[in-house]
Amino acid sequence: ISVALTTGDITLAGTGTVSRVEGQRITAFGHPLLSLGDVELPMCEAEIVTILPSNMQSIKVANTGAVIGTIAQDRLSAVAGTLGAGPAMIPVSILVKPQHGEPHTLRFSVVRQAQLTPSIVAAGVTQAILSSNDAGLSEGFRLSSDVAFPAGQALANQTLYAGPQAFAQGLGDFVQRLTANLQNPYEKTFPDRVNFTVEALTQNPSAVLDLFQLSRTTARTGE
C-alpha cells in the first residue's frame, strides 16, 4: 500500500509492505511514515514497478493508485488503518498564466494535518512554477492566494516577486501565515479550499531606495 500526503496532479506518497490484514483493518510498513501519531491519511493501492538494488539502500519504484481507506495511526512500529472511504482532504488549485502559451491549472488534494499542510501546499506552488517552463517568470510574477475557511472566513494575499530570487522568501512567509492559522490554540480548523494564481510580469518590479530623509530630527510622545 501507499500512504499519501497529496493526491491528484501532484502526488506525494510513501509505499510499504502490508504486515497484517484482519477484516477491514490493515497494519503495514513495520516502521513509521513520519511518526505523527494520530492521523487521517489516505491509504492507496500500490504497484511495485521494479527494485533498484544497492548495498547502501535499495529503493522500490512504485505507482500509487486509488484511495482504498484511511490510515489512522503513524507509530514507531507501524502504520495502521481501515479499508473503506478515504479521509477528508483540502482541495488546492494553482492557475499559472505564463507570458507565452495557454494558462494551465494544477489540481490536487492535501491532507488535513497542521504541521504538514502548509509545507505541502507550498511544495505544490513551487512545482507549478518550476513546471511552467516559461522564461517570462524570470522577470518577476504576481502570486495571488485565496484560502477559504469554514463560516466564510478567508485569508487572501497578493504579492509581487522581483525575479525568482525573492520567491523562496515570499513562499516562506505564506507558510508561516498559514501555519499560524492552523495551529491556533483556540479551535482546530482547516481550509475548505486553497486557490493560487501565478501571473508572469513583463517587467521586473524591483526598485532601489536612494535616499530616506526625515523631515525633522525630534518628535514628541505619540507622534
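**Exercise 1. A glutamine in a loop**

Where is the place of Gln-113? Work it out on this predicted model, then describe the surroundings of Gln-113.

*Solution.*

Step 1: Look for the elements on either side. Gln-113 sits in the loop that runs between β9 (104–111) and α1 (117–130).

Step 2: Check accessibility. The relative accessibility of Gln-113 is 11%, and buried means under 20%, so Gln-113 counts as buried.

Step 3: Follow the side chain. The side chains of Gln-113 and Gln-115 are joined by a polar contact of 2.8 Å. The Gln-113 side chain also reaches the backbone nitrogen of Leu-116, at 3.0 Å.

Step 4: Look further along the chain. If residues up to four places away in sequence are not counted, Gln-113 touches Leu-36, Pro-118 and Phe-190.

**Exercise 2. The partner from another loop**

Which residues does Phe-190 touch, not counting residues up to four places away in sequence? Place Phe-190 in the fold as well.

*Solution.*

Step 1: Find the loop. Phe-190 belongs to the one between α2 and β12 (193–200).

Step 2: Judge burial. With a relative accessible area of 8%, Phe-190 is buried.

Step 3: List the contacts. Phe-190 touches Ile-90, Arg-112, Gln-113, Ala-114, Phe-149, Pro-150 and Leu-182, with residues up to four places away in sequence not counted. Gln-113, from the previous exercise, is among them.

Step 4: Set sequence against space. Phe-190 and Thr-117 are 73 residues apart in sequence, while their C-alpha atoms are 9.1 Å apart in space.

**Exercise 3. Two helices together**

At what angle do the axes of α1 and α2 cross? Go on to describe the contact.

*Solution.*

Step 1: Recall what is needed. Two packed helices are described by the angle between their axes and the distance between the axes.

Step 2: Read off both values. The axes of α1 and α2 (residues 167–182) come within 8 Å and cross at roughly 150°.

Step 3: Classify the angle. Angles over 145 degrees count as roughly antiparallel, and α1 and α2 are therefore roughly antiparallel to each other. As for handedness, α1 passes α2 in a right-handed crossing.

Step 4: Sort the contact by class. There are eleven nonpolar and four polar residues in the contact of α1 with α2, and no charged ones.

Step 5: Name the residues. From α1 come Thr-117, Pro-118, Ser-119, Val-121, Ala-122, Val-125, Thr-126 and Ile-129; they meet Phe-167, Leu-171, Phe-174, Val-175, Leu-178, Thr-179 and Leu-182 of α2.

Step 6: Zoom in on one of them. Ala-122 lies in helix α1 and counts as buried, at 6% relative accessibility. Leaving aside neighbours within four places in sequence, Ala-122 is in contact with Leu-171 and Val-175.

**Exercise 4. A strand residue that meets α2**

Is Val-147 buried or exposed? Find the contacts of Val-147 too.

*Solution.*

Step 1: Locate the residue. Val-147 is part of strand β10 (residues 141–148).

Step 2: Check accessibility. Val-147 is at 0% relative accessibility and so counts as buried.

Step 3: Collect the contacts. With neighbours within four places in sequence left aside, Val-147 is in contact with Gln-153, Ala-154, Leu-155, Phe-174, Leu-178, Pro-191, Arg-193 and Val-194. You have already met Phe-174 and Leu-178 as α2 residues in the helix contact.

**Exercise 5. Two positive phi values**

Where do Phe-29 and Ser-35 lie? Compare their phi values and burial.

*Solution.*

Step 1: Start from the usual case. Most residues other than glycine have a negative phi.

Step 2: Read the angles. Phi is near 75° for Phe-29, a positive value in a residue other than glycine. Ser-35 has a phi near 55°, likewise positive in a residue other than glycine.

Step 3: Place them. Phe-29 lies in the loop between β4 (25–28) and β5 (37–52), and Ser-35 lies in the loop between β4 and β5.

Step 4: Check burial. Phe-29 counts as buried at 10% relative accessibility, whereas Ser-35, at 49%, counts as partly exposed.

**Exercise 6. A threonine side chain**

Which backbone oxygen does the side chain of Thr-70 reach?

*Solution.*

Step 1: Thr-70 is found in strand β6 (residues 59–74) and is buried, with a relative accessible area of 15%.

Step 2: The side chain of Thr-70 reaches the backbone oxygen of Ala-85, at 2.9 Å.

Terms used: Residues are numbered from 1 along each chain as its sequence is written. This is a predicted model: local features need pLDDT of at least 70, side-chain atom pairs count only at pLDDT 80 or more; totals for chains, interfaces and linings use all residues. Side-chain values use heavy atoms; hydrogens and water are left out. Helices (H or I, at least four residues) and strands (E, at least two) are DSSP runs, numbered from the N terminus. Buried means under 20% relative accessible area, exposed over 50%, partly exposed in between (1.4 Å probe, protein chains only). A polar contact is a pair of N or O atoms within 3.5 Å; within protein, one must be able to donate a hydrogen and the other to accept it, and residues adjacent in sequence count only if both atoms are side-chain atoms. Contact means heavy atoms within 4.5 Å. Axes are lines fitted to C-alpha atoms, for helices over the stretch in contact, and angles run from 0 to 180 degrees between N-to-C directions. Angles under 35 degrees count as roughly parallel, over 145 as roughly antiparallel, 65 to 115 as roughly perpendicular and the rest as oblique. A crossing is left-handed if the near helix is turned anticlockwise from the far one by less than a right angle, and right-handed if clockwise. Ala, Val, Leu, Ile, Met, Phe, Trp, Tyr, Cys and Pro count as nonpolar, Asp, Glu, Lys and Arg as charged, and the others, Gly among them, as polar.
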